[in-house]
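Hi everyone, thanks for making time. Let's pull up the structure and walk through it together.

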Amino acid sequence: MSRQGDHGAAPAELPGFAAFFTAEYPRVVHNLMRVGATYEEAEDATQDAMHKLLLKWADCEKPAGWVWKAAWHAYCKKAERNRRRLVLESRSAHLSGPHPAARPRAEPDEHKRVLEILRGLPPRQGQVLALHLDGYSAQEMASLLGVKASTVRSNLRHAIATLRSSLENYEK
């Protein structure tokens, strides 16, 4: 494979890709972090998505929506692999003998608690909330996610209600 990759053009030669990347990369990373990804996970997923977009740049009609979906899927795929790995490690540790004495756990700070709540949201609610916080309208989110605007509004309402309830319970 040449320095230019499979697509035959260096990224700087692709019309508009460099400007798109500069504008959208931080936005997609930030968006994934809002749905619970760590900075590193968000960057990895966004880089994967941008690379895939680069390969199909000339044929992509809606690159912003495409890259968001691709990054979301990359993040979900990796998160699921990590979840399975942790389950297997937990089972393995349980089978290997008694657990060490439990140490008292410090109270999590508010930032960690909010991230835990966000990670606990159903995936679609997390997506919609992140896009909402990024300034997308219900119609724009519907177009990006391939669902009806009413579905977006419903998911957003449920996500906000869950957050509100969880934070109220946390404060008590």
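So, helices here are DSSP runs of H or I with at least four residues, strands are E runs of at least two, and both are numbered from the N terminus. With that, the protein chain has seven helices and zero strands, giving the pattern α-α-α-α-α-α-α along the sequence.

Quick housekeeping: this is a predicted model, where local features need pLDDT of at least 70, side-chain atom pairs count only at pLDDT 80 or more, and totals for chains, interfaces and linings use all residues. Residues are numbered from 1 along each chain as its sequence is written, and side-chain values use heavy atoms, with hydrogens and water left out.

How much of the protein chain is buried, meaning under 20% relative accessible area with a 1.4 Å probe, protein chains only? Of its 172 residues, 33% count as buried.

Now, the empty space. A cavity is a set of points on a 1 Å grid, over the protein atoms alone, where a 1.4 Å probe fits but cannot get out; lining residues have an atom within 4 Å of a point. Points are joined across faces, edges and corners, and the volume is the space filled by probe spheres set on them. The search of the whole structure finds one cavity of 30 Å³ or more, with a volume of about 30 Å³.

Which residues line this cavity? They are Glu24, Arg27, Val28, Asn31, Ala64, Trp68, Asp134 and Tyr136. Helix H1 (17-34) and helix H3 (63-95) each supply at least two of the lining residues, and H1 gives the most, with four.

Methods:
On a 1 Å grid over the protein atoms alone, a cavity is a set of points where a 1.4 Å probe fits but cannot get out, and a pocket is an open set with protein on both sides within 12 Å along at least five of seven lines; lining residues have an atom within 4 Å of a point. Buried means under 20% relative accessible area, exposed over 50%, partly exposed in between (1.4 Å probe, protein chains only).
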